[in-house]
Amino acid sequence: MSAEVLAQIAKEVAVCTKCELCKGRTKAVPGEGSANATVMFIGEAPGYHEDQQGRPFIGPSGQLLDRMFKALKMTRQDVYIGNVVKCRPPQNRDPKPEEIEACKPYLDRQIAAINPRVIVTLGRFSMARWWPGGRISQLHGQAKTEGGRIIMPMFHPAAALRDQERTYQMFREDAFTIPALIEKSEEIARTELWGFVPAEPEIIEPEKTIPVEKVKVTPAKAEKPVRVKAAAVAPPEIKVAEEMAEYQPTPVMEETAPVLAVTTEEVPEIVQVENKEENAVKAARPRKKKEDVKSIAEQLTMF
Ligand code: SF4
């Protein structure tokens, strides 16, 4: 039944004209994967390669995701991968709020049909759905439960590829927590079977996380707060870590880094301060020359 619903959504997306992104698309990218996936990954928007083939995450970002899946003993067929908007924005620009809003019903229906136990958001736009106004640099890797489902924000793979000294390392660390989140989601499912639904929202803090600013925690009905400790899955993660360490990603510039989906009207003071900080960091960080990036991107295609 879920598969039929997803197929129907894909049909509607292919001919959708609800926002201006339909004008420039080659192919719409509804998403793909298992209709019964335990984990759903939600990115930002299709890029060039995705637009050409109508499939999500098949460019350099997708290659990083594939290597992550392999390291975690997962495949694309085990999960579902989608985006907040299904058509490519011109020149890979950020999707506009009205475009995200126009496309939201499709994503809503996909989530309802798949009913994943774990949702991993990739980048700031998909994160904003569950953490409006939140900063990914502070919230990445910190999971919460909502409606019995675990939501965990991660950096977008494109951002990880652009900055492998810092962002990639955080991307990788967050990826290592996914098996523990799946395990935790199964525990929640078992609890629901016995008629008890945990209070929410509930924060699940991987042991490795050094939270800069925690998400607001509402006291749970459960006596003990649920915490996922990396140590609880030490054997498989250690093995995974070794395998991940065998490869090193290379930065590319083809895909646009997602930008916080919040307007200055909504939180003017915070945004202004944050922009100052970010500009200072950006100014201090040396930019890669375009030729260098092109060269690295060419090397990446040799995988
Ligand atoms: S991005 Fe979404 S709402 Fe806009 S045209 Fe494509 S499918 Fe329709």
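## A walk through a predicted model

Let us start with helix H8, whose buried residues are Thr167, Tyr168, Phe171, Arg172, Asp174, Ala175 and Phe176. Seven of the ten residues of this helix, which covers residues 167-176, are buried, so H8 is largely enclosed by the rest of the structure. Keep in mind as you look around that this is a predicted model.

**The whole chain**

The protein chain contains twelve helices and seven strands. Of its 303 residues, 41% count as buried. Now look at contacts between residues at least 6 apart in sequence: 77% of them join residues at least 24 apart.

How confident is the predictor, on average, in the protein chain? The average pLDDT is 78, and 64% of the residues score at least 70. Two stretches deserve some care when you view the model. Over residues 222-226 the pLDDT is below 50, and this stretch has six contacts in the model beyond near neighbours in sequence. Residues 250-276 also have a pLDDT below 50, and there the model shows 58 contacts beyond near neighbours in sequence.

**Helix H9**

Next comes helix H9, residues 178-193. Does its length agree with what its residue count suggests, or differ from it? At 1.5 Å a residue, its 16 residues should span 22 Å, and the end C-alpha atoms are 23 Å apart, which agrees. The buried residues of H9 are Ile178, Pro179, Ala180, Leu181, Lys184, Ser185 and Ile188. A handy rule to remember here is that an α-helix has 3.6 residues a turn, so residues three or four places apart point the same way.

**Around the ligand**

Which residues come nearest to the ligand? Of the 14 residues around it, they are Cys16, Cys19, Cys22, Cys87 and Cys103. Helix H4, residues 97-114, gives the largest share of this shell, with three residues. Sorted by class, the shell has ten nonpolar, one polar and three charged residues.

**Loops and an unusual backbone angle**

Most residues other than glycine have a negative phi. Two residues here go the other way, and you can find both in loops. Lys73, which is not a glycine, has a positive phi of about 60°. Its place is the loop between helix H3 (60-71) and strand E3 (80-83). Asn92 has a positive phi too, near 55°, and sits in the loop between E3 and H4. Arg93 is found in the loop between E3 and H4 as well. The table shows how crowded the surroundings of these three residues are.

| Residue | C-beta neighbours within 10 Å | Class |
|---|---|---|
| Lys73 | 12 neighbours | exposed |
| Asn92 | 18 neighbours | partly exposed |
| Arg93 | 11 neighbours | exposed |

Why does Asn92 count as partly exposed? Asn92 has 18 other C-beta atoms within 10 Å, while a residue needs 20 or more to be buried and 12 or fewer to be exposed, so it falls in between. Arg93 also shows how the chain folds back: Arg93 and Gly47 are 46 residues apart in sequence, with 9.5 Å between their C-alpha atoms.

**A hairpin to finish**

Finally, look at strands E5 (residues 143-146) and E6 (residues 149-154), which pair in the antiparallel sense over three bridges. Glu146 stands opposite Arg149 in E6. Two residues lie between the strands of this hairpin, where Gly147 takes a positive phi near 60°.

Notes. Residues numbered from 1 in each chain as written. Predicted model: local features only at pLDDT ≥ 70, side-chain atom pairs only at ≥ 80, totals over all residues. Helix = DSSP H or I, 4+ residues; strand = E, 2+ residues; numbered from the N terminus. Near = placed C-beta within 6 Å. Nonpolar A, V, L, I, M, F, W, Y, C, P; charged D, E, K, R; others polar. Expected span 1.5 Å × (residues − 1). pLDDT = per-residue confidence, 0-100. Contact = placed C-beta atoms within 7 Å. Pairing = 2+ DSSP bridges.
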